[in-house]
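The following exercises concern contacts between chains and the pairing of strands. Each task is followed by a solution that goes step by step.

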Amino acid sequence: MNIQPISGGFSDAPRQSATAFRSVLEVMSRPGKTAVLSGAKPPAPLSIAAGTAILTLADSNTPVHLAGVFDCDALRQWITFHTGAPLVPADEADLAIGHWHDLEPLDRFRIGSPEYPDRSSTLIVELHDWPQENARLTGPGIKTKTLAFVPGNRPTDFPLGLDLIMTMGERISALPRSTEVEFL
Amino acid sequence: MTTITRRDWMGVLARSAPARLAHLLGATPQHSILRNPEIGAVMVRGRAGATGAPFNLGEMTVTRCTLQLEDGLIGHAYVQGRDKAHAIRAAIVDAQMQGPDANDIFARIVSPLLLDENVRKAAIASKAAATKVEFFTMVRGVD
Amino acid sequence: MYVAVKGGERAIENAHAWLAKERRGDPDVPELSTAQIREQMALAVNRVMAEGSLYDPDLAALAIKQARGDLIEAIFLIRAYRTTLPRLMASTPVDTAVMAVTRRISATFKDAPGGQILGPTFDYTHRLLDFALLAEGEVPPAPTALTGPAQDMPHILSFLDRDGLIERAAPSDEIPPDLTRAPLELPADRALRLQALTRGDEGFVLGLAYSTQRGYGRNHAFVGELRIGTCPVEVDIPELGFAVEIGEIELTECETVNQFTGSKSQPPQFTRGYGLTFGQTERKAISMALVDRALRWRELGEDFTGAPAQDEEFVLSHCDNIQATGFLEHIKLPHYVDFQAELELIRSVRAAAFASREAAE
């Protein structure tokens, strides 16, 4: 058996996953804010931040969709070994990972139902670089307004919608469905 | 040459009594941990009407572990209960059984565990057999 | 409206310390070990595992010791513990046809292939207190008999199945819903009902089952087969790509044969109810099978007679003893402010009533 898929997990899972969860929670609560997220060493092409987020958020009850270049053997094995998450098509996913253009069209993903808005997808959008701010954000968790990079339009019908996590290297930020986006 | 499959020896190790496996293995060989021993639950499923659609019956505790021996062999263990040392020992034997010493390990560890299991099962079966009933029809009711 | 109250820390701490002392009882009497509970109070351990929904005899024994023998409290402790465990995976459905049986009886088929095995049962005991147990002593070994080569124990009802005299339980590989992970939605399918019943309160399920026998949703059940024994549990290991046995668990399985005269949608044939529970818990398994059968009225095209055991919402909402005891017992906790508001209300209504009476006089 190839050793690579089973290395690179948390060495101290309780502590590392709690710390990582706190970081994800923090950026999700404060749209536009970025944080450092590390601990996992996933195989390429997954970033450290995205790998850490997956180890923290996914388990055997969290169907994961891999889009584009992320749908490769090394990642499939790594995610399966460390989280047991089932790998599924876009319309069944709780979590999806990909570059923006591979995740599109976003209406493939579940946005929840009025009874269960939580039955929706969270997309982990991997960025090649961290571009300039291109949008003005307002809404919960933002005192007045803030500027941030937003990769594109996402379907929202609050309280239904998609939540986005943006990752690059060890950097993470988030855009929950509750945030109003106004492109500059 | 042993013909036991990996599936079978992993099952034997999982069902073994922790103290017995510890005794048979003796000193634990050098190894590095790839996944720390972790206690979790497995949802046990049954089938409606014994053969029908599956349903969730309830969970059981299980401990899993993955490690690598110095010669590079990787062993996995999934064992019932919450004994982390037992999971490590089971993973060690799983790794050893894939290597050149498999025959020796089988004879020294797996085979005695299989024997224990058969003795235990036979003891229960013989007690059950002693409670087997033959009901005789005394009078068949008339309509 | 709920208003938090403060205070009482010292009293609570002292109450807990006293509780710990009471749990231990008279120190001149030797302390119980959890191994003793596991081995000698095995049926209590089994009940705690079944209703706690976690198979781990050592933990169940610990819970019973900590709960001073209050089994519902012990089940509560196990339920709380199991929420802390990561769910690693689900097993492939256990195959009860390969059970290593310690007990296998049929009330309907005298000459069941494989034979009837009584096992370690209370049946046919005289329910006379055995005063010899007041003294500690050795128990003679259980008698044994020669066994033939190990043979499969086919399900007895499968013989009727072959003749088409009993409804089929057609296999499927659907992933069942899990009421511990998703909120209960009604109507519930049979998989969800069976999960609720197997972890439901033994007393509640027994009472409902008895009510069907007495005529409230009568379905004329007989035990087609009751078997107790150990079954291997097998799990697909994703990193290996094949299934592995991870251990063995003791199970009790009950299949009932029920009279059925046919309905608009079904021909006359026997129908079945099903019970499967952790451990040696046969009263529970039989009760479960009866209630399962009563709840199946809709899919069999029977009439709803208004019986509690047929009412899925009633059964599923009330069979869980931890939900029940949580809600029931919370009314003894401080509700001073709510009660104060009610007092004010009653006083003002009474004052108004007296005032209008005086005005009328």
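**Exercise 1. Which two chains does the salt bridge of R87(C) and E59(B) join, and through which strands?**

Solution. The model is predicted.

Step 1. Check the distance: the side chains of R87(C) and E59(B) come to 2.6 Å, N to O, where the criterion for a salt bridge is within 4 Å.

Step 2. Place the residues. R87(C) belongs to strand β2 (residues 87-90) of chain C and E59(B) to strand β2 of chain B, so the pair joins two chains.

Step 3. Follow E59(B) along the backbone. Its bridge partner in β1(C) is L54(C). This belongs to a parallel pairing in which two bridges join strand β2 (residues 54-69) of chain B to strand β1 (residues 54-55) of chain C. E59(B) thus has a side-chain partner in R87(C) and a bridge partner in L54(C).

**Exercise 2. Describe the interface of chain C and chain B by its residues, its buried area and its polar pairs.**

Solution.

Step 1. Count the residues in contact: chain C contributes 75 and chain B contributes 52.

Step 2. State the area. About 5,500 Å² is buried between chain C and chain B, and carbon and sulfur atoms give 60% of this. On the side of chain C, the residues that lose the most area to chain B are L88(C), I246(C) and E248(C), together 12% of what that side buries.

Step 3. Count the charged pairs. The interface of chain C and chain B has nine salt bridges. One of them links E234(C) with R7(B), whose closest N and O atoms are 2.8 Å apart.

Step 4. Add the polar contacts: 28 residue pairs, both members at pLDDT 80 or more, are found across the interface of chain C and chain B.

Step 5. Assign the side of chain C to elements and classes. Strand β6 (residues 242-258) of chain C supplies the largest share of the side that touches chain B, with 11 residues. By class, that side of chain C has 41 nonpolar, 17 polar and 17 charged residues.

**Exercise 3. Give the corresponding description for chain A and chain B.**

Solution.

Step 1. Contact involves six residues of chain A and seven residues of chain B.

Step 2. The area buried between chain A and chain B is about 580 Å², with 61% from carbon and sulfur atoms.

Step 3. Between chain A and chain B there are zero salt bridges, and two residue pairs are in polar contact, both at pLDDT 80 or more. The side of chain A that touches chain B consists of four nonpolar and two polar residues, with no charged residues.

Step 4. For the model as a whole, the count over all chains is 47 salt bridges.

**Exercise 4. What is the strand order in the open sheet of three strands and in the open sheet of six strands of chain A?**

Solution.

Step 1. The sheet of three strands has the order β6-β5-β11 (chain A), and its pairing is antiparallel. At its edges lie β6 (146-148) and β11 (180-183) of chain A, each paired on one side only. The average twist from one strand to the next is 35°.

Step 2. Within this sheet, strand β5 (residues 135-138) of chain A is joined to β11(A) by four bridges, and L137(A) stands opposite V181(A).

Step 3. The sheet of six strands has the order β1-β10-β9-β4-β3-β2 (chain A), with mixed pairing. Its edge strands are β1 (35-36) and β2 (64-66) of chain A.

Step 4. Five bridges hold an antiparallel pairing of strand β9 (residues 163-168) with strand β10 (residues 171-175) of chain A; here M168(A) stands opposite R171(A). Helix α2 (residues 48-57) of chain A packs on the sheet and touches β3 (95-98), β4 (122-126), β9 and β10 of chain A. The direction of the helix makes about 160° with that of β4(A).

**Exercise 5. Trace the strand partners of β5(C).**

Solution.

Step 1. Strand β3 (residues 100-105) of chain C runs antiparallel to strand β5 (residues 221-237) of chain C over five bridges, with R103(C) and I228(C) as bridge partners.

Step 2. β5(C) also pairs with β6(C), in the antiparallel sense over 16 bridges; R227(C) has E253(C) as its bridge partner there.

Step 3. Four residues lie between the strands in the hairpin of β5(C) and β6(C), where G241(C) takes a positive phi near 85°.

Methods:
Residues are numbered from 1 along each chain as its sequence is written. Chains are lettered from A and ligands numbered from 1 in the order in which they are written. This is a predicted model: local features need pLDDT of at least 70, side-chain atom pairs count only at pLDDT 80 or more; totals for chains, interfaces and linings use all residues. Side-chain values use heavy atoms; hydrogens and water are left out. Contact means heavy atoms within 4.5 Å. Buried area is the accessible area (1.4 Å probe) that two parts lose on being put together, summed over both. A polar contact is a pair of N or O atoms within 3.5 Å; within protein, one must be able to donate a hydrogen and the other to accept it, and residues adjacent in sequence count only if both atoms are side-chain atoms. Ala, Val, Leu, Ile, Met, Phe, Trp, Tyr, Cys and Pro count as nonpolar, Asp, Glu, Lys and Arg as charged, and the others, Gly among them, as polar. Two strands pair if DSSP finds at least two bridges between them. Axes are lines fitted to C-alpha atoms, for helices over the stretch in contact, and angles run from 0 to 180 degrees between N-to-C directions.
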